[in-house]
Number of protein chains: 2
Amino acid sequence: MRDIARAMEMEAASLYNHIDSKQSILNALLMDIANRFTVGMQQIQSSSLTALEQLEALIDQHVDMTVGYTDAISLVPSEWIHLEEPHLKEFVTLRKNYEDAFKAVILAAIEEGSIAEVDVDVALFSTLSTLRWLYSWYTKQGIKVELLKKELKRTLLQGLISSL
Amino acid sequence: MRDIARAMEMEAASLYNHIDSKQSILNALLMDIANRFTVGMQQIQSSSLTALEQLEALIDQHVDMTVGYTDAISLVPSEWIHLEEPHLKEFVTLRKNYEDAFKAVILAAIEEGSIAEVDVDVALFSTLSTLRWLYSWYTKQGIKVELLKKELKRTLLQGLISSL
DNA sequence: ACAAAAAACTAACAGTTGTTAGTTTTGGTC
DNA sequence: GACCAAAACTAACAACTGTTAGTTTTTTGT
C-alpha cells in the first residue's frame, strides 16, 4: 500500500479516502477482467460465426485484452489465489465457465471438421497457457498488434487445423 | 518461514541450523532446476537426433522435469523475480541461454524442412508457455505420463509440422 | 559412559504490513 | 467570504516478517 501511495504522491493512509481495502483493489481489478472476458465470450457464442472463426475471435479477444489492460491482466495467472471469500469462489466460477465455453468451441470445431481430432483438454490447456502469458511477452517485443494476432492464430491453430 | 517450520514440526528458529536464509532456499531450488534443464539441453544438442526429434526430446524433458520436480518447478514462472543479486543475474543468464538454444532447435527444424516456416519467436513463446505451466495443470488431471507426452507433442508440434 | 557435535528450544529484535483515529488542508457552492 | 464536503495529513496500532542470541536437549563416536 505504501508503494501504491508513493506512486500516487500521497501518504498511504490517504488511499483509504478512495478505497475500502487492499483486497478490494485486487477484487475490483480481477472482476473487471473476468467480466470483460465473460461478456466477450457471450458475444462470440451468440454470433453466427463458424466454430473455427469463433476460435479465431477468441484469440483476437485475448490479444485485445492483453494490449488494452496489460497491468490488470498480469494478475490473472497467479494473483487471483490471494482473493478472499466470497470473491475467490466468484472468480473461480467465472473462470471455470469461461474455460468450459472455450472447450465447447474447440469441440464444435472438431465436429464441424475444421480442426483435427486432438485431445480437447490438452489443446485447451495449451492454448490458454499461451494466451494468459501473452502479457509478459508482448511488451518485450516491438510487435504490432495486428501482426501478433495473425502469427498467434497461425501458431495456435495451424497445429490444430486438419491437414486432410 | 514459520509455515515451513510447522510443516517440519519444529520452531522457525531451528530451521537456521540447516539453512543460511530464506533466500538461500529459493536460490537452491531454482538453481537445481535451471542446471538440470541446462544439462538436458546440452545432451540433446550433442546428440545425433534430427532437429524435429530434438524438439520432441525437449518436450519429453519438460514433462519428466514437471512430474519429477513439481514443487520446485512451480517457482520457475513467477517466483524467480524474488531472487537477489548475484543469483538473479545468474538465473536469468541460464534461462536466456536455454531459450536461445531452444530457438536454435526450432530454426534448425525449419531449415531441415520438418516444420513449417512459422514466426520463430512466437512459436518459442507459445511452446514454452505451455511447457512452463504444465505443473499447474497436470496434477488436476489423472493423465498418465506417457500419454501426456504423446498428446503434448501432438498438440505443440502437429501445428508446426508442415502439411506439405 | 562420556565428551563433542548437532539440532532443537525460548525469547526477543528490528523492520514491514494493512489499517484506523483524529486533525488539517483543499476546492467548490451559496 | 463563509460553509461544507472531499481528501489530504500525522501518528499510531497490532500483527506479522526473517533472523539472532543464548540455552537446553538429542544424537553420535570413542
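The following exchange concerns how terms are applied to a predicted model of two protein chains and two DNA strands.

Colleague: What conventions apply to this model?

Modeller: The model is predicted, so local features need pLDDT of at least 70 and side-chain atom pairs count only at pLDDT 80 or more, whereas totals for chains, interfaces and linings use all residues. Residues are numbered from 1 along each chain as its sequence is written, chains are lettered from A and ligands numbered from 1 in the order in which they are written, and side-chain values use heavy atoms, with hydrogens and water left out.

Colleague: Why is A:Asn27 called buried?

Modeller: Buried means under 20% relative accessible area, exposed over 50%, and partly exposed in between, with a 1.4 Å probe and protein chains only. A:Asn27 has 14% relative accessibility and therefore counts as buried. A:Asn27 sits in helix 2 (residues 22-45) of chain A; a helix is a DSSP run of H or I with at least four residues, numbered from the N terminus. Leaving out residues up to four places away in sequence, A:Asn27 touches A:Leu83 and A:His87, where contact means heavy atoms within 4.5 Å.

Colleague: What makes A:Asp32 and A:Arg36 a salt bridge?

Modeller: A salt bridge requires a side-chain nitrogen of Lys or Arg within 4 Å of a carboxyl oxygen of Asp or Glu. The closest N and O atoms of A:Asp32 and A:Arg36 are 3.2 Å apart, and the pair forms a salt bridge. The two residues are four apart in helix 2 of chain A and so are separated by about one helical turn. A:Asp32 is partly exposed because its relative accessible area is 31%, and A:Arg36 is partly exposed at 35%.

Colleague: Which parts of chain B does the salt bridge of B:Glu99 and B:Arg132 tie together?

Modeller: The side chains of B:Glu99 and B:Arg132 meet at 2.8 Å, N to O, in a salt bridge. B:Glu99 belongs to helix 5 (residues 87-111) of chain B and B:Arg132 to helix 6 of chain B, so the pair joins parts 33 residues apart in sequence. B:Glu99 is buried because its relative accessible area is 18%, whereas B:Arg132, with 22%, is partly exposed.

Colleague: How many salt bridges cross the interface of chain B and chain A?

Modeller: The rule finds zero salt bridges across that interface, while the structure holds 18 over all chains. Two residue pairs between chain B and chain A are in polar contact, both at pLDDT 80 or more. A polar contact is a pair of N or O atoms within 3.5 Å; within protein, one must be able to donate a hydrogen and the other to accept it, and residues adjacent in sequence count only if both atoms are side-chain atoms. The contact of the chains takes 26 residues from chain B and 26 residues from chain A.

Colleague: How do you know that A:His18 is in polar contact with DNA strand D?

Modeller: A polar side-chain atom of A:His18 lies 2.3 Å from a phosphate oxygen of DNA strand D. For A:Ser14 the corresponding distance is 2.9 Å, and for an N or O atom in the side chain of B:Lys22 the distance is 2.6 Å.

Colleague: Which residues are closest to DNA strand C?

Modeller: A residue is near a strand if one of its heavy atoms lies within 4 Å of it. By this rule 13 residues surround DNA strand C, the closest being A:Tyr16, A:Lys22, B:Glu11, B:Asn17 and B:His18. A polar side-chain atom of A:Tyr16 lies 2.5 Å from a phosphate oxygen of DNA strand C.
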